[in-house]
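New to this one? Have a look at the chain below, then read on for a short tour.

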Amino acid sequence: STVALLQSMKLSVETAGDGPTALTRLEQEEFQLVLCDQGLPGMDGLTVLKKIKSRWPDLPVIMVSGWTLPQLDGVQPDGFLEKPFSTNDLAQLIGGC
């Protein structure tokens, strides 16, 4: 899983099962990076991205998707990973954020 992969990189990981939960956690705690799936229940990942960037513009967001990320107007993620991705791909993107 992605969580196990991140933990193997010695990163502290918090998870949220949907967009609203993620946004609530961001209000409650300080994070250094968000890894956000495009296909979230309740609120899609692109909406979550827009909300994060409007509230926390300097917080890096890496979008993850099983399909190509659509063309975005305005708000852009700091990185994009298409599933399936390798440990090396993820490490490179995190290192660049």
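What follows goes from the whole chain to one helix and then to one strand.

Keep in mind that this is a predicted model. The chain has 4 helices and 3 strands, and from the N terminus on they come in the order α-α-β-α-β-β-α. For 97 residues, a compact globule would have a radius of gyration near 13 Å, and the chain agrees with that at 13 Å. As for contacts with a separation of 6 or more, 47% of them are between residues 24 or more positions apart. Here are some overall values for the chain.

| Property of the chain | Value |
|---|---|
| Box filled by the C-alpha atoms, along the principal axes | roughly 30 × 30 × 25 Å |
| Accessible surface | about 6000 Å² |
| Part of that surface belonging to carbon and sulfur atoms | 48% |
| Buried residues | 32% of the 97 residues |

Now zoom in on helix α3, which covers residues 45–55. Which of its residues are buried? They are Gly-45, Leu-46, Val-48, Leu-49, Ile-52 and Lys-53. Looking down the axis of α3, you'd find these buried residues within an arc of 155 degrees, so they line one face of the helix. The general pattern behind this is that an α-helix has 3.6 residues a turn, so residues three or four places apart point the same way. The cover over the buried residues of α3 includes α2 (19–28), β1 (34–37) and β2 (61–65). At the start of α3, there's also a link between side chain and backbone: a side-chain oxygen of Asp-44 comes to within 2.9 Å of the backbone nitrogen of Leu-46.

Lys-53, also in α3, deserves its own stop. Is Lys-53 buried or exposed? Its relative accessibility is 14%, so Lys-53 counts as buried, the cut-off being under 20%. Setting aside neighbours within four places in sequence, Lys-53 touches Leu-59, Pro-60, Val-61, Val-75, Gln-76 and Asp-78.

Val-61 on that list takes us to β2, the strand at 61–65. Here 5 of the 5 residues are buried, so β2 is largely enclosed by the rest of the structure. In a regular strand the side chains alternate between the two faces of the sheet. In β2, Val-61, Met-63 and Ser-65 are on one side, with Ile-62 and Val-64 on the other, and both faces are covered. β2 also pairs with β1, in the parallel sense and over 4 bridges. Val-61 turns up here again, as the bridge partner of Val-34.

Methods:
Residues are numbered from 1 along each chain as its sequence is written. This is a predicted model: local features need pLDDT of at least 70, side-chain atom pairs count only at pLDDT 80 or more; totals for chains, interfaces and linings use all residues. Side-chain values use heavy atoms; hydrogens and water are left out. Buried means under 20% relative accessible area, exposed over 50%, partly exposed in between (1.4 Å probe, protein chains only). Helices (H or I, at least four residues) and strands (E, at least two) are DSSP runs, numbered from the N terminus. The arc is that of the directions from the helix axis to the C-beta atoms. Contact means heavy atoms within 4.5 Å. A polar contact is a pair of N or O atoms within 3.5 Å; within protein, one must be able to donate a hydrogen and the other to accept it, and residues adjacent in sequence count only if both atoms are side-chain atoms. The radius of gyration is taken over C-alpha atoms; the globule rule is 2.2 Å times the number of residues to the power 0.38. Accessible areas come from the Shrake-Rupley method with a 1.4 Å probe; for residues, only the protein chains shown count as cover. Two strands pair if DSSP finds at least two bridges between them.
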